[in-house]
Amino acid sequence: MEKIGLFYGPKGGSVERVAKMIKERLGERVDLIPVEEATVEDINRYKNIIMGLSTVGADAWTADHTSDVWSKILSALDKIDYHGKTFALFGLGNHVMYPQHFVDAMGVLGRELLRHGARIVGQRPVTDYEFEDSLAVIDDHFIGLPLDEDTEPEKTPERLEKWLQDVLKEFDR
Ligand SMILES: Cc1cc2nc3c(=O)[nH]c(=O)nc-3n(C[C@H](O)[C@H](O)[C@H](O)COP(=O)(O)O)c2cc1C
């Protein structure tokens, strides 16, 4: 199987913790790359790509907000060669504190990738989650895997395992 590039950010919190869980589960198949250290060339080296991020307020989610670790990659998505690549996204959020913006950032990134013609796998049905609204929902599915380490961390291992199994099947194709 082709190697997987797992680009994640920010460092030091829930996103990094989940990225390390994936690394522990998949071992040598995965390269862990903090997105703040990544260039588009790094992304272009992989056919199978996982991107993990958190939502920390809509203000941070504009391409010109330089303090966000994803801004450099977000503003360079047009330089990715999408041919033959498969993407899977996971997004950290808090469905109790932010039910109307649950994992919005995953939606912002996912929609931008789709606009550039990316193939994204690993969608999750909205019925598995309690929330009011989210930019990450398209046709009754989250565009990737929502995780809430703030209020339901006990659900993370099972959610992650099921999602990884689905994603790995698609990566193998
Ligand atoms: C200032 C702030 C704003 C947040 N806004 C949202 C939000 O709009 N939607 C959401 O689902 N979670 C929101 N969260 C929750 C975070 O996404 C959640 O705590 C996540 O686990 C943080 O992961 P990180 O520490 O790796 O960045 C917010 C958290 C903070 C501190």
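**Entry 1. Salt bridges**

I started at Lys79, which pairs with Asp78 in a salt bridge, with 3.9 Å between the closest N and O atoms. Both partners are on the outside: Lys79 is exposed, and so is Asp78. I note here that the model is predicted.

How many salt bridges does the structure hold? I find 13.

Next I looked up Arg45. Its salt bridge goes to Asp42, and the closest N and O atoms are 2.5 Å apart. Are the two partners buried or exposed? Arg45 has a relative accessible area of 59%, so I log Arg45 as exposed. Asp42 counts as buried because its relative accessibility is 17%, and the cut-off for buried is under 20%.

Then I went to helix α1, residues 14-26, which holds both Glu16 and Lys20. Their side chains meet in a salt bridge, 4.0 Å from N to O. The two residues are 4 apart, about one turn of the helix. I checked accessibility here too. Glu16 comes out at 15%, so Glu16 counts as buried. Lys20 comes out at 47%, so Lys20 is partly exposed. The upper limit for that class is 50%.

Last in this entry, I found a network: salt bridges link Glu152, Lys155 and Arg159. As a general reminder, side chains of opposite charge can pair when their charged atoms come close.

**Entry 2. The second largest pocket**

I moved on to the second largest pocket, with about 170 Å³ of space. Which residues line it? I list Arg124, Asp128, Tyr129, Leu145, Lys155, Glu158, Arg159 and Lys162. Lys155 and Arg159 are among the lining residues, and I had already met both in the salt-bridge network.

I sorted the lining by type. There are 6 charged residues, 2 nonpolar and no polar ones. Helix α5, residues 156-172, gives the most to this lining, with 3 residues.

**Entry 3. Thr156 in α5**

I stayed with helix α5 and looked up Thr156, which lies in it. Thr156 has a relative accessible area of 1%, so I count Thr156 as buried. What does Thr156 touch beyond four places in sequence? I find Met21, Leu147 and Glu149. I also took a distance to Val18. The C-alpha atoms of Thr156 and Val18 are 8.6 Å apart, though 138 residues separate them along the chain.

**Entry 4. The nonpolar core**

I then looked up the largest nonpolar core, and it has 54 residues. Ile22, Met51, Phe90, Leu113 and Trp163 have the most contacts inside it. Which element gives the largest share of this core? It is α5, with 6 residues. In general, nonpolar side chains tend to be buried together in soluble globular proteins.

I picked Leu113 for a closer look. Setting aside neighbours within four places in sequence, Leu113 contacts Met51, Leu77, Tyr82, Phe87, Leu89, Ala118 and Ile120. Met51 is thus on the contact list of Leu113 and also among the core residues with the most contacts.

**Entry 5. Glu37 in a loop**

I closed with Glu37. Where does Glu37 sit? Its place is the loop between β2 (30-34) and α2 (40-44). Not counting residues up to four places away, Glu37 touches Lys11 and Asp42. Asp42 is the residue I had logged as the salt-bridge partner of Arg45. I also took the separation from Glu37 to Asp139. Their C-alpha atoms are 34 Å apart, with the two positions 102 residues apart along the chain.

How values were computed
Residues are numbered from 1 along each chain as its sequence is written. This is a predicted model: local features need pLDDT of at least 70, side-chain atom pairs count only at pLDDT 80 or more; totals for chains, interfaces and linings use all residues. Side-chain values use heavy atoms; hydrogens and water are left out. Buried means under 20% relative accessible area, exposed over 50%, partly exposed in between (1.4 Å probe, protein chains only). On a 1 Å grid over the protein atoms alone, a cavity is a set of points where a 1.4 Å probe fits but cannot get out, and a pocket is an open set with protein on both sides within 12 Å along at least five of seven lines; lining residues have an atom within 4 Å of a point. Grid points are joined across faces, edges and corners, and a volume is the space filled by probe spheres set on the points. Ala, Val, Leu, Ile, Met, Phe, Trp, Tyr, Cys and Pro count as nonpolar, Asp, Glu, Lys and Arg as charged, and the others, Gly among them, as polar. A nonpolar core is a set of buried Ala, Val, Leu, Ile, Met, Phe, Trp, Tyr and Cys residues joined through side-chain atoms within 4.5 Å. Contact means heavy atoms within 4.5 Å.
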